[in-house]
Amino acid sequence: MSLFESVRSQMPAEIPAQLERMDAFWTSYRQGSQEIAKVVQTTSEKLGDKDFDAIVCGGTLGIFIACALQRRGWRVAIIEQGILRGRAQEWNISRKELNAFLELDLLTEAELETAIATIYNPARVGFQGGKDLWVRDILNIGVDPVYLLEILKQKFLDAGGILLEKTAFKQAITYADGVAVEVALTPSPSPVGEGDKRITGRLLLDVMGHFSPIVKQARSQVQGNIKPDGVCMVVGSCAKGMPEKSYGDLIYSFTPIQKQCQYFWEAFPAKDGRTTYMFTYVDADPQRPSFAELMEDYLFWLPKYQEIELNQLEFQRVLFGFFPSYKQNPLQTPWDRILQVGDSSGMQSPLSFGGFGAMVRHLQRLTDGIDTALRCDLLAKENLRSLQPYQPNLSVTWLFQKSMSVSVNQQIESDRINYLLGVTFKSMEKLGDRVLYPFLQDVVQFIPLARTMLAMSIADPVLVLKIIQQVGIPTLLDWLKHYLGLGAYSFLNQIGQRLEPAIGNFLPEQKYQWQRQIDAWYYGSGGDYEM
Ligand SMILES: Cc1cc2nc3c(=O)[nH]c(=O)nc-3n(C[C@H](O)[C@H](O)[C@H](O)COP(=O)(O)OP(=O)(O)OC[C@H]3O[C@@H](n4cnc5c(N)ncnc54)[C@H](O)[C@@H]3O)c2cc1C
């Protein structure tokens, strides 16, 4: 009997069916047999009167931007295929990042405190064969998505926002002066589309996640296919009955490479027990393990990891998912009047599954930018692309993902990745918190990265050569381009900060473009990170 079968009665009844559905999707995803429907069409005709300024498709992170825009006076509608409700599983983030909600006046101090479900300290970073490292106040806050989304939903509605739940995006037509969105009730009341209707707006925000139908079409148009360059697979649970531990693990590994996968773990105290995730960086090759196999490995290693017997656990939730990542991230919209926000935009690091954190970090920038774009009617694709600009500090993380994964036919020592990470983090620790802390929060900066690489080359030059061999020369050359870009952005960010006061007198369109450029240098160089 499989381990999964043996603990089936200890987990919610719907999990086996969900796991099966996930594997069916994962299989078709890897085979590249997904249908790419043409859900966006364009016409140069005029639309005339519009119902809304912004139509936000997808409510999970969509409510953040929808609420911020509605409260600035725009007419906003949210189209959500289900009920707009947060998931039970907490989102982890660092405390300072949450200030964005206060700065945008979306939450009061008291509401923000209520949204915080858990706080833990310290957190461990460790790799098999190396020394554990302890950090504080990094991704140690568990936010309750149920409360957060509910309060923002109420504020959105109180401010006059329109929420269409159980209503799915079907297709959109962009016009010279607006966008028409066809939506359908879910489940459909009749097979002939009786519940379908059309709503119109000036701008469509696609917040439908990684697997958004709009994104599929956009990627196939922009890059010729939708196959991701990398995938992070994750399985995990939140369970009662785990031994009490006040600390968490940010990233921890205690096994060598197996089945061409290096498993990493995360663990932290949660409202309903203890959360543990096992994740691995792979690609979308059909030979990669299924989620059922990954779940077996998770259940096999979990007792050793948390010093517990499986039969002592009461699983509150069992979680699994995968995050595709692309070298061409963030996605550059191919259409006027359509912009990706949240996971669909690909603006989060390929290393973490911190899409909520990335959205919060960029919320002020996106709100200000979209607000100005609406005010000045700068909704052409060139204007919108500058809201999801190239970020060299995101692109350089590609090499890290590649060096933490093994291709299906690649032969490397089974301890290579653990050893590499051990050396890297030891070097960063020696260089101090200013190097280590931003990196752990998904913010890569030029000087800290240069110092880390130098320290590693001195500590173990042979390892560096092995990594070059592992990732390959083309990847390295590509990376070098982004690394130099990161240096240039860091320099330009210094100039940008001085230029900012001067652009106040520019014409609206010039001002908009300059502000986006200054933002791009600032975020793209990791200038937004505060110790
Ligand atoms: C196991 C796990 C743990 C995670 N932990 C963290 C964490 O600790 N910290 C963190 O920062 N992030 C974490 N994340 C990532 C985070 O959950 C995502 O980044 C976030 O949910 C992305 O939100 P989104 O709205 O962009 O996309 P999604 O979550 O995919 O939501 C898409 C929304 O669009 C709706 N939708 C989809 N299609 C349609 C349609 N056709 N019409 C209308 N609506 C539609 C969906 O119903 C949904 O509401 C985790 C993710 C997982 C899976």
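What volume does the largest cavity have? I looked this up and found about 150 Å³.

**Basis of the entries.** I worked from a predicted model, in which local features need pLDDT of at least 70 and side-chain atom pairs count only at pLDDT 80 or more, while totals for chains, interfaces and linings use all residues. Residues are numbered from 1 along each chain as its sequence is written, and side-chain values use heavy atoms, with hydrogens and water left out.

**Entry 1: cavities.** I searched the whole structure and noted four cavities of 30 Å³ or more. On a 1 Å grid over the protein atoms alone, a cavity is a set of points where a 1.4 Å probe fits but cannot get out, and lining residues have an atom within 4 Å of a point. Grid points are joined across faces, edges and corners, and the volume is the space filled by probe spheres set on the points.

For the largest cavity I listed 15 lining residues, of which M347, R361, H362, Q391 and D442 are the closest to its centre. The elements that supply two or more lining residues here are α9 and α11 (392-395); α9 gives the most, with three. Helices are DSSP runs (H or I, at least four residues), numbered from the N terminus. By class I recorded five nonpolar, seven polar and three charged residues in this lining. Ala, Val, Leu, Ile, Met, Phe, Trp, Tyr, Cys and Pro count as nonpolar, Asp, Glu, Lys and Arg as charged, and the others, Gly among them, as polar. Domain 2 (40-120 + 138-225 + 329-379) and domain 3 (393-493) each give at least three residues to the lining of the largest cavity; the bounds come from an automatic or database domain assignment.

The second largest cavity has a volume of about 70 Å³. I noted Y29, Q34, H210, F211, V215, K216, R219, I226 and Y326 as its lining. Helix α7 (residues 213-223) gives the most to this lining, with three residues. The classes are five nonpolar, two polar and two charged.

**Entry 2: the second largest pocket.** A pocket is an open set of points with protein on both sides within 12 Å along at least five of seven lines. I read about 590 Å³ of space for the second largest pocket. Of its 22 lining residues, K96, E97, D528, Y529 and E530 are the closest to the centre. Helices α4 (99-103), α9 (355-375) and α18 (508-524) each supply at least two lining residues. The lining holds eight nonpolar, five polar and nine charged residues. Why does this pocket lie between domain 2 and domain 3? It does so because both domains give residues to its lining.

**Entry 3: ligand surroundings.** I counted 25 residues around the ligand (a heavy atom within 4 Å of it). T60, E80, N92, F353 and G357 come nearest. I then checked polar contacts, which are pairs of N or O atoms within 3.5 Å. A polar side-chain atom of T60 lies 2.7 Å from a ligand oxygen. Through backbone N or O atoms, G357 lies 2.8 Å from an oxygen atom of the ligand, and G355 lies 3.4 Å from a nitrogen atom of the ligand.

**Entry 4: burial.** Is helix α3 (residues 62-70) mostly covered or uncovered? I found it mostly covered, with nine of its nine residues buried (under 20% relative accessible area, 1.4 Å probe, protein chains only). Among them are F64, C67 and Q70.

L102 is placed in helix α4. At 22% relative accessibility, L102 counts as partly exposed, the class between buried and exposed (over 50%). L102 and L112 are ten residues apart in sequence and 8.0 Å apart in space, C-alpha to C-alpha.

Definitions and conventions: Polar contact = N/O pair within 3.5 Å; in protein donor to acceptor, adjacent residues only side chain to side chain.
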